[in-house]
Amino acid sequence: MKTKILFASLLAAALASTVSAQDSKAFLGRWDMTVTPANGKPYAQWIELTDNGGKLEGKYQPRGGAWHPISDANVDGNKLVLGVEPAGRGPAVTWELTSPSAGKLTGVEKRGGESDGSSLAGVTAPKLDRPMPKKWTKPRPLFNGKDLTGWEPIGMVANNKWVARDGELVNDNPEVPGQRIPPAANIKTTEKFQDFKLHIEVNCPEGGNSGIYLRGRYELQVGTEGGKQPTHEMGAIYSWYPPPAGSELGLGKWTTYDVTFVGRHVTVYRDGKLYHDNVEIPGPTGGALDSNEAEPGPFFLQGDHHGVIQYRNITISEPAK
């Protein structure tokens, strides 16, 4: 009798695991997420879910900062429950999601077990697999060196510090010791792009922090965040790929980036040295303007940190028709 009971228990557990695995299939993969607060503008986030031997695991990209592992993931019937932010500085943040149709997610965000009024919408992230163009257009300037034509401040626009000066695009927002200064504006191109070759030169002071966002979604790090995490330092694809080991920050002097971006694959040279060789960027990084990965997007330069960041000689080539 005991043997039959044990077998029945094992069979039930196996069936439950199989059902759970089957139920989770609708949620596996990469998802471009949009969070719409009860009061406020929608913003971008991103998740990836995988099945590791019947256990759901995943990555979560919050609104800002680096991606981190999802703390918990479970399927309850037709509902996916994710622990995206464990309790720490504040109450735990969970997402409750359903898939109303293939390739779509909807749900709500909860803090401490209670809805915070935010709604969630997700779509399957596009693969963006495209061949390398055979020909490119002649490089053309994105910054005329004289004024901000073709650029517009975003974010903290009431504290815009971007100016055109001496042929440079400058975020004139110096850090003042002993003073707490509010964040300044970022700046973006009014034009949008899909695949491209970008040339851009930057001079970031000691302790400065900025970023070059490709299509407004993927950050190429400029400056430093203190040196503790290589994926947050000069030349990194933020939170995904560090610069080559032993790379110098080179702050306080001009440095050049040459970026080729096709689909979601990027190659980056810094001062002629290969930093990233056709690596895949899995999803938007923190601070992305939106999560609409299939669409073209602008360049935007981060200006919400302190430091007099200077950019110049910004040119772009696109696939020739």
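Nine strands (DSSP runs of E, at least two residues, numbered from the N terminus) make up an open sheet in this predicted model, in the order β4-β3-β2-β1-β9-β8-β7-β6-β5 with antiparallel pairing; two strands count as paired if DSSP finds at least two bridges between them. The edges are held by β4 (68-69) and β5 (72-76), each with a single partner strand, so one side of each has no neighbour in the sheet. At one of these edges, β5 pairs with β6 (residues 79-85) in the antiparallel sense over five bridges, and V75 has L80 in β6 as its bridge partner.

A further open sheet has five strands, ordered β11-β14-β21-β16-β17 and paired antiparallel. Here β11 (151-154) and β17 (218-223) are the edge strands, and each has a single partner, so one side of each lacks a neighbour in the sheet. Within this sheet, β14 (residues 186-189) and β21 (residues 300-301) run antiparallel and are joined by two bridges, with I187 opposite L301 in β21.

Turning to enclosed space, one cavity of 30 Å³ or more is found in the whole structure; a cavity is a set of points on a 1 Å grid over the protein atoms alone where a 1.4 Å probe fits but cannot get out, and lining residues have an atom within 4 Å of a point. The largest cavity holds about 30 Å³, a volume being the space filled by probe spheres set on the points. Its lining includes W46, R63 and P284, and strand β2 (residues 43-52) gives the most, with three residues. Five lining residues are nonpolar, four polar and one charged.

Residues are numbered from 1 along each chain as its sequence is written. Local features need pLDDT of at least 70 and side-chain atom pairs count only at pLDDT 80 or more, whereas totals for chains, interfaces and linings use all residues, and side-chain values use heavy atoms, without hydrogens and water.

Note on methods
Helix = DSSP H or I, 4+ residues; strand = E, 2+ residues; numbered from the N terminus. 1 Å grid on protein atoms, 1.4 Å probe; cavity = no way out; pocket = protein on both sides within 12 Å on 5 of 7 lines; lining within 4 Å. Nonpolar A, V, L, I, M, F, W, Y, C, P; charged D, E, K, R; others polar.
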